[in-house]
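Open the model in your viewer and keep the sequence panel visible. The tour goes from one selection to the next and says what is found at each stop.

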Amino acid sequence: MDFKYDVIVIGGGHAGCEAAAAAAKMGAKTCLITMDMNKIAQMSCNPAIGGIAKGQIVREIDALGGYTGWVTDRTTIQFRMLNRSKGPAMWSPRAQCDRNKFIWTWREVLENIPGLHIWQDQVKELLVEHKEVTGVRTYLDVDFRAKCVILTAGTFLNGLMHIGRTQLPGGRMAEPASYHLTESLTRHGLTQGRMKTGTPVRIDGRSVHFEDMNIQEGENDFHRFSYISEPRRLKQLPCWTCYTNPDVHQTLRNGLPDSPLYNGQIQSIGPRYCPSIETKLVTFPEKEQHQLFLEPEGETTQEYYLNGFSSSLPMHIQIEALKKIPAFRDLVIYRPGYAIEYDFFDPTELKHSLESKKIAGLFLAGQVNGTTGYEEAAGQGVVAGINAALKCSGNDPFIMHRDESYIGVLIDDLVTKGVDEPYRMFTSRAEYRILLRQDDADARLTERSYRLGLADSVRYNQWTRKKEHINRLLSFCETFSVKPALINDGLEKLGTAPLAHGCKLIELINRPQVTLEGLCPYIVPLKKEMDAIEQRKEEITEAAEIRIKYNGYIERERMIADKMQRLENIKIKGKFDYAHLHSLSTEARQKLERIDPETLAQAGRIPGVSPSDINVLLVLLGR
C-alpha cells in the first residue's frame, strides 16, 4: 500500500464522513482513519437529524453535494416539519432515523467514492515540519503522509464518562478514548479546553406501558431533506410523550450528592440548551413536571431513546426515578444515561476555511471546535473537506458568508467569537434568516458548489430544471389576470374577501388564506401550468409561493445584507499593529490582536469591539 495522500481525515463521525466525501469528490486522494468501520457516522446520542436551524444546515449540506440529507431520507422512520405555526424562515425539518441503517448507508456511500480509502486505526500524533502538517502517526505505528489533515475526533480526545461516582475512560459507551493526540497538537501551540455533554437512558420498549403515553405521529407529505431523494422507504413509526412528576423530582434530588455535575467530579462546561434532567431541577425548581419524548431507535428494534432525560446520576437513581412515571412502572433498560468529558480546541485560532492559523494544512471540524450536534459537525466537515482539497490543488479557499448560509453563520461565530460553552445553532443566531430558509438552500448554494466541482451534474441539472419551473410559475402569476366573476365563489370558499374588480393572480397569492394549490380548481390555466411540472411539483410550488408571499421581506433583508457586505469587502488583516493603537479600547486591542480578523465586518462581530472602535479603524484606513 501507498500511505501517501492529499488529505487525511481523522475520525469517522458526521464531520469526518462529510469531510472525506467532499475532499475525495473534488479530486483529492483521501484517507479516512477511524477506530471502528462498523461505527461510521454513529449517532452517539439521539438517532435523529435536523430540528430548529439544524434542519436548515442539513439542507445546505445537501445543496452543496454532501450526503447527510440523502442518508437521512433513506433511513427515516419519522419525519416532521417543525415550527409550521411560524413563517417559512423558521420551518425546520427533523427526522428520526434507524440508527444501524444510517451507519451502513453512510458506509456504503463512502466505500463507493473513487479516490477515498478507509483505514481502521487510531491516530496518536500529528506530524509537523516548519509549522506545516506533513501527516499522522497511528497506534499501529503507521506513518501516513499528506498535504492536509482534517481533525474530526468528536468526543474521543481524552474522553471520560461519568455515571454517578463511576468513571470510565471512553469516547462513548463501550468505545475507547483517543489519547496522545491532544498533547501532540498543544505542543505546536493549539489551545485546548474541556467540555461536557451527556446522553439519556435507553429503554426496552417491551417494558413500556404505551397506553399511559400520548402518541406523536409523523408527517408523510412531500418534504424531505435531500433535493435529489426518492420517497421514504422505511416503515414510519410514532414517537410518544409523557411527563415527569414531583415524585420523580424528589428521587432525582436525593441523588444529587452523587451527581458528577454537583459534587465537583465534573469541572468542564456543559451544553446550555440540552441540559441534563438534574440541571433542569436545579435551574427550574418551581416546575413540577418536564416533558419527555420516547423515540424509536430503529424500524425493527425494541430500543427507545428517552429525549429530555439526559443524566449522569447513579444508575439506580435513574431507574428508581423513572419507575415513578406510570408508563415506566415496569421499566427495563438497555443502559443508563451518562455524561462525557472531552477535549476541544479554541476555534478563534482557525481561519474561516477552518484551517489552523498555527499549523498550515491542519483543518478542524465538529465537536473539537466546541460545537454540539451532528448537523453542526457535518456542516463544518463539508467546508473543511472542500478547503483541504482546494489547498492541495493550490486554489483559493471556499468561504461561506453569513447572508449565504447557516453554515456560514456557524463558522463565523466560532472563529470570531469563540465558545464558552458547547455551541448549538438556532435560527435567532442568523440575522438574515429570511434569506436562509430550508426551501431555498439549493438556490443559494448548488451553482456555487457545482463550479467548485463538488455538486455533480445530476444535482446541478435537477436544480436548473427546478429554477426554470419556479421562474415560469412566478411569471405566470405576475401576468395572468383574474376576473371577479371567475374567482369570487372560490375566494369565499377559501375564507377570503371577494374581488371588487380584476387583478393579477400574484395579488391573490399574497393573501394569507390563499395558496396556489387552493386556487387550482377555480383557475384552469393555473392548474395546467402546475400540471406541466414533471417532478417534485409540491416542492416547486411551495418555493414559488414563499417567494411571492414574502417577497417584500426578502428584498428588504437582501438590501440590508448587501449594505453589510461592503464592510465584508474591507480587508484589514495585516494592516494594523493593534497593540499600539491606543485610540482603541484596551479590550478591543486585546481581542483584535488575538483574533486578527480578515475584514472590518468580522472585527465588528468580535465581542468587546464597539462601534466606536470600528469607526477608529475606518478613520485610520482612510488615512
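## Cysteines

Select C242 and C239: the closest cysteine sulfur to that of C242 is the one in C239, and at 12 Å it is too far for a bond. C242 itself is buried, with a relative accessible area of 5%. This is a predicted model.

Now select C392 together with C148. The cysteine sulfur nearest to that of C392 belongs to C148 and lies 3.9 Å away, and C392 is in no disulfide. The cut-off for a disulfide is a sulfur pair within 2.5 Å. C392 has a relative accessibility of 18% and therefore counts as buried. A search over the whole structure returns zero disulfides.

## The β10–β11 hairpin

Select residues 160-163, strand β10, and residues 166-169, strand β11; the two pair in the antiparallel sense over four bridges. Which residue of β11 is the bridge partner of I163? Zoom in on that end of the pairing and the partner is T166. Two residues lie between the strands of this hairpin, and in the turn G164 has a positive phi of about 65 degrees.

## Helix α12

Select residues 457-479, which make up helix α12. Put a distance between its end C-alpha atoms: they are 33 Å apart, and this agrees with the span of 33 Å that 23 residues should have at 1.5 Å a residue.

Go to the start of α12 and show the side chain of D456. One of its side-chain oxygens comes to within 3.3 Å of the backbone nitrogen of V458.

Then colour the helix by burial. The buried residues of α12 include the hydrophobic side chains W463, I470, L473, L474 and F476. R459, Q462, K466 and H469 are buried in this helix too, as are T464 and C477.

## Helix α18

Finish with residues 551-568, helix α18. From first C-alpha to last, its 18 residues reach 25 Å, close to the 26 Å expected at 1.5 Å a residue.

Which residues of α18 are buried? Select I554, E557, A561 and E568. These residues cover an arc of only 70 degrees around the axis, so they sit on the same side of α18. Rotate the view to the other side of the helix, where G552 and R566 are exposed.

Turn back to the buried residues of α18 and add residues 537-549 (α17) and 600-604 (α20) to the selection: these are the two helices that the buried residues pack against.

Methods:
Residues numbered from 1 in each chain as written. Predicted model: local features only at pLDDT ≥ 70, side-chain atom pairs only at ≥ 80, totals over all residues. Heavy atoms only, no water. Pairing = 2+ DSSP bridges. Expected span 1.5 Å × (residues − 1). Buried < 20%, exposed > 50% of the residue type's maximum accessible area, 1.4 Å probe, protein only. Polar contact = N/O pair within 3.5 Å; in protein donor to acceptor, adjacent residues only side chain to side chain. Arc of directions from axis to C-beta. Contact = heavy atoms within 4.5 Å.
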